[in-house]
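The following account leads through a protein model, beginning at its ligand and moving outward. The reader may wish to keep the sequence and the coordinates in view throughout.

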Amino acid sequence: MYRAPRGTSDILPAEQQYWRYIEERAAQICHLNGYERIDTPVFENAGLFVRTIGEGTDIVEKETYSFPDRGGVTMTLRPEGTAPVCRAYIEHGMYNLPQPIRLYYIAPIFRYERPQAGRYRQHQQFGFEAIGDGDPAIDAEVIDMGWRLFLTLGIGRLTLRLNSIGCRGCRPGYIEALKGYYQTQTSNLCRECKARLVRNPLRLLDCKEEGCRDIARSAPRSIDYLCQGCQEHFELLKRYLGLLKLPFEIDHCLVRGLDYYTRTVFEVQPEGEEGAQSVIGGGGRYDDLIGELGGRPTPAVGFAAGIERIILNMKRQGIPAPSNPKPSIFICYLGDEASEEAIRLVAEIRGSGTAATIASGSKSLKAQLRQANSLGMSIAVIIGEEEVKGGVVIIRDMIEGEQRNVPMDEAVGEIKGILKSRLPLV
Ligand code: HAM
């Protein structure tokens with residue numbers, strides 16, 4: 001028996017209502033803020049991600065799905081959405097348009113991770129990017145949009161954590177200070193952190209091992225090493241977030257798992273939770289990324305959230321998603337002639353814009369009505385030999401249990417009338 005690959009899942013019909021609801025809400029927020037949808041390929045040249053996410057990161061070192069294609073070029077299944085959007089920005093000359101360019105996406109992401117609740121090998125990300133403006137007001141806009149998404153979905157008890165990790169100019173000074181501090185702590189570091197100290201010191205602050213977390217708490221703080229430009233940027237951002245009434249806390253250990261960030265980094269997490277797999281959304285500024293990809297230096301900022309984690313949090317907090325409309329008309333028939341009338345009628349009902357389901361096979365009327373009942377249908381239309389002869393159909397109200405004959409050519413109008421009378425009064 002084949003099963004879905006480890007870390008992936010089928011989204012069955014019963015789950016779909018969450019997906020549609022979240023995707024609709026996400027798109028609505030984007031449109032309200034002037035963000036337009038972009039779709040990029042599921043795979044890209046491997047170099048795109050090595051160059052941007054960073055060679056020393058877990059994602060690039062251990063988690064990409066990479067393979068040589070038949071032409072011998074190494075491809076990687078998209079492990080995140082930002083680098084492809086920036087590649088598209090450069091490739092399509094979007095820098096010639098008025099800036100910033102505001103884009104959003106809803107796309108599958110692939111990371112070879114150790115699967116557990118909230119962490120999968122394929123997940124779906126909703127993300128947005130504002131490219132071409134360094135103004136902290138855009139950082140605030142992006143953070144506000146992410147926060148608002150969770151609010152409109154009804155998810156409460158969230159914490160917004162914020163930090164600034166400086167720029168190319170001031171970060172080297174900070175890294176030196178960090179290294180100096182950690183060199184005095186090497187005997188207490190986990191094995192991975194000993195390697196991080198050499199390869200990617202910033203990532204030391206990100207370690208989830210309890211001992212390393214204690215050490216990180218007393219480490220030098222990036223905000224104490226910001227140059228004047230970064231300091232002013234951070235101060236303004238905090239002010240704007242205050243204006244927008246977004247409650248945030250500064251987290252000196254927040255550095256994020258991708259190397260491309262500059263200045264602003266932020267994450268949203270359920271209150272009191274700490275593991276990386278509980279982060280529901282995150283993002284930040286990446287002013288050097290487009291330059292690294294060969295474009296002209298272009299500041300940018302963005303955010304992404306995993307749909308599966310949003311659903312997990314909605315369910316934990318008992319938040320339902322509105323269910324998708326289902327057909328409420330069921331057509332039953334008995335005999336060959338009736339089956340032809342039924343096929344014609346169901347097409348007419350659907351053509352008029354009303355969803356309907358038709359029985360199949362040659363079940364007894366009782367079995368057909370039982371099926372209509374178990375599908376939760378509110379109206380059954382019954383056509384037998386007698387009805388065909390008389391040019392009528394039986395319309396049965398499955399809720400009240402009443403039924404009556406209606407001329408065949410009035411059936412659609414009658415059904416619509418019943419459905420309309422049942423609409424909740426507003
Ligand atoms: P990220 O933090 O790696 O950021 O991923 C964004 C979100 O995707 C996470 O907060 C989480 O909700 C979800 N996520 C990540 N990995 C998994 C997984 N294995 N299983 C389930 N959900 C997961 C980025 O990818 C950046 N591109 C975000 C960004 C956009 N930065 C700037 N613009």
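**The ligand and its surroundings**

In this predicted model, the ligand is surrounded by 28 residues. The closest of them are Glu-80, Glu-113, Glu-129, Arg-256 and Tyr-261. Sorted by class, this shell comprises eleven nonpolar, ten polar and seven charged residues.

Several contacts between protein and ligand can be described at the level of atoms. Two of them involve the protein backbone: an N or O atom of the Ile-280 backbone lies 3.0 Å from an oxygen atom of the ligand, and a backbone N or O atom of Gly-306 likewise lies 3.0 Å from a ligand oxygen atom. A side chain takes part in another contact, in which an N or O atom of Arg-309 is 3.5 Å from a nitrogen atom of the ligand. As for the extent of cover, the ligand taken alone exposes 650 Å², of which the protein buries 96%.

Which elements of secondary structure give two or more residues to the shell around the ligand? They are the strands β6 (122-131), β10 (281-285) and β11 (300-306). The largest share comes from β11, with five residues. Gly-306, whose backbone contact was described above, falls at the end of the range given for β11.

**A further pocket**

Attention may now turn to the second largest pocket, which has a volume of about 440 Å³. Its lining consists of 22 residues, and those closest to the pocket centre are Arg-171, Asp-259, Tyr-260, Tyr-261 and Asp-288. Tyr-261 thus appears in two settings, being listed among the closest residues to the ligand and among those closest to the centre of this pocket.

The elements that give two or more residues to this lining are the helices α2 (46-53), α6 (171-183) and α10 (289-292). Helix α6 provides the largest share, three residues. By class, the lining divides into eleven nonpolar, four polar and seven charged residues.

**Backbone features in two loops**

Two details of the backbone merit inspection. Gln-99 and Pro-100 are joined by a cis peptide bond, with omega about 0°; Pro-100 is placed in the loop between α4 (82-91) and β5 (101-110). Lys-245, although not a glycine, has a positive phi of about 60°, and its place is in the loop between α9 (228-243) and β8 (249-250).

**The domains**

Finally, the overall division of the chain may be considered. The domain assignment gives domain 1 as 13-170 + 226-316 and domain 2 as 329-417. Taken over C-alpha atoms, the centres of domain 1 and domain 2 are separated by 51 Å.

Technical notes: Residues numbered from 1 in each chain as written. Predicted model: local features only at pLDDT ≥ 70, side-chain atom pairs only at ≥ 80, totals over all residues. Heavy atoms only, no water. Domains from an automatic or database assignment. Near = heavy atom within 4 Å. Polar contact = N/O pair within 3.5 Å; in protein donor to acceptor, adjacent residues only side chain to side chain. Areas by Shrake-Rupley, 256 points an atom, 1.4 Å probe, with all protein chains shown as cover. Helix = DSSP H or I, 4+ residues; strand = E, 2+ residues; numbered from the N terminus. Nonpolar A, V, L, I, M, F, W, Y, C, P; charged D, E, K, R; others polar. 1 Å grid on protein atoms, 1.4 Å probe; cavity = no way out; pocket = protein on both sides within 12 Å on 5 of 7 lines; lining within 4 Å. Points joined across faces, edges and corners; volume = space filled by probe spheres on them.
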